[in-house]
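Here are a few exercises to help you find your way around a new structure. Have a go at each one before you read its solution.

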Amino acid sequence: GETTYAALLQAQRDAERAMAEHEEQITAVKATAKVVEDSVQERYKFHRRFLKAQGVQAVSDFQMHLSRRSMGGSLRFDHKEDVLEAQVAPRAGDAAARSTTALRSLSGGEQAFSTLSLVLAMWQLSATPMRALDEFDKNMDSSFQAASLKLLFEIFRQQPGRQFLILTPLDYSSLFREAGVDERDAVIHRMPDVVRH
């Protein structure tokens, strides 16, 4: 059969209607894509602001912890390269002149205390119910150990909803008293000495 003029007009109207519906769908998809893109950009901007604020807080905490031993320092975050650089000066007054990035050049106690200060500054970036330190006191003399314990227990008291675990081969019962730590604030589990055959 032949196609009539009326049938052709109807086919044209149907095609135009279908095309209009597709154009509406394309417009809706483009609008949704724009909303998603704007949302991703806002989240990215928020994430960058959040990283910057967390970095500023970590630097402040790091400096505050180091100052317990009259040390100075700073942290430099490079989020694009995923690099964190710590600078430490053995004496806070010499921060500009003697700051170093090579923590190995510090004394054993200074290295250990700087590392502890960095760990404590970074702890605020992760919300975990339990935190553990393994031999944080390695290479520390008794003055660094006492300062470290005092700092740790101040932080522990500020976070009563968390559990803290310190692993060390040292007997801290006398250091607790020296650092002003109330024995009720800590439960000590002493493991038996290893017997080697």
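**Exercise 1.** Work out whether Leu-165 is buried, partly exposed or exposed.

*Solution.* Keep in mind that this is a predicted model. Start with the cut-offs: buried is under 20% relative accessible area and exposed is over 50%, with partly exposed in between. Leu-165 comes out at 35% relative accessibility, so it counts as partly exposed. Next, place it: Leu-165 is found in strand 4. Finally, look at its company on the surface, where Met-130, Leu-165 and Leu-167 make a nonpolar patch of about 250 Å².

**Exercise 2.** Find out which element gives the most to the lining of the largest pocket.

*Solution.* First, the pocket itself has a volume of about 790 Å³. Of its 24 lining residues, those closest to the centre include Leu-165 and His-189. Now check the elements: helix 4 (142-158) and strand 4 (163-167) each supply at least two lining residues. Strand 4 gives the most, with four residues. As for character, the lining divides into 16 nonpolar, two polar and six charged residues.

**Exercise 3.** Explain which parts the salt bridge between Arg-68 and Glu-154 ties together.

*Solution.* Begin with the contact: the closest N and O atoms of Arg-68 and Glu-154 are 2.3 Å apart. Then locate the partners: Arg-68 sits in the loop between helix 1 and strand 1 (72-78), while Glu-154 is in helix 4, so the pair ties together parts 86 residues apart in sequence. For contrast, try Lys-34 and Asp-38, which also form a salt bridge. Both of these lie in helix 1 (residues 5-67), four residues apart, or about one turn of the helix.

Key:
Residues are numbered from 1 along each chain as its sequence is written. This is a predicted model: local features need pLDDT of at least 70, side-chain atom pairs count only at pLDDT 80 or more; totals for chains, interfaces and linings use all residues. Side-chain values use heavy atoms; hydrogens and water are left out. On a 1 Å grid over the protein atoms alone, a cavity is a set of points where a 1.4 Å probe fits but cannot get out, and a pocket is an open set with protein on both sides within 12 Å along at least five of seven lines; lining residues have an atom within 4 Å of a point. Grid points are joined across faces, edges and corners, and a volume is the space filled by probe spheres set on the points. Ala, Val, Leu, Ile, Met, Phe, Trp, Tyr, Cys and Pro count as nonpolar, Asp, Glu, Lys and Arg as charged, and the others, Gly among them, as polar. Patches are made of residues with over 30% relative accessible area and no salt bridge: like charges are joined within 9 Å, nonpolar side chains (Val, Leu, Ile, Met, Phe, Trp, Tyr) within 5 Å. Accessible areas come from the Shrake-Rupley method with a 1.4 Å probe; for residues, only the protein chains shown count as cover. A salt bridge is a side-chain nitrogen of Lys or Arg within 4 Å of a carboxyl oxygen of Asp or Glu. Buried means under 20% relative accessible area, exposed over 50%, partly exposed in between (1.4 Å probe, protein chains only).
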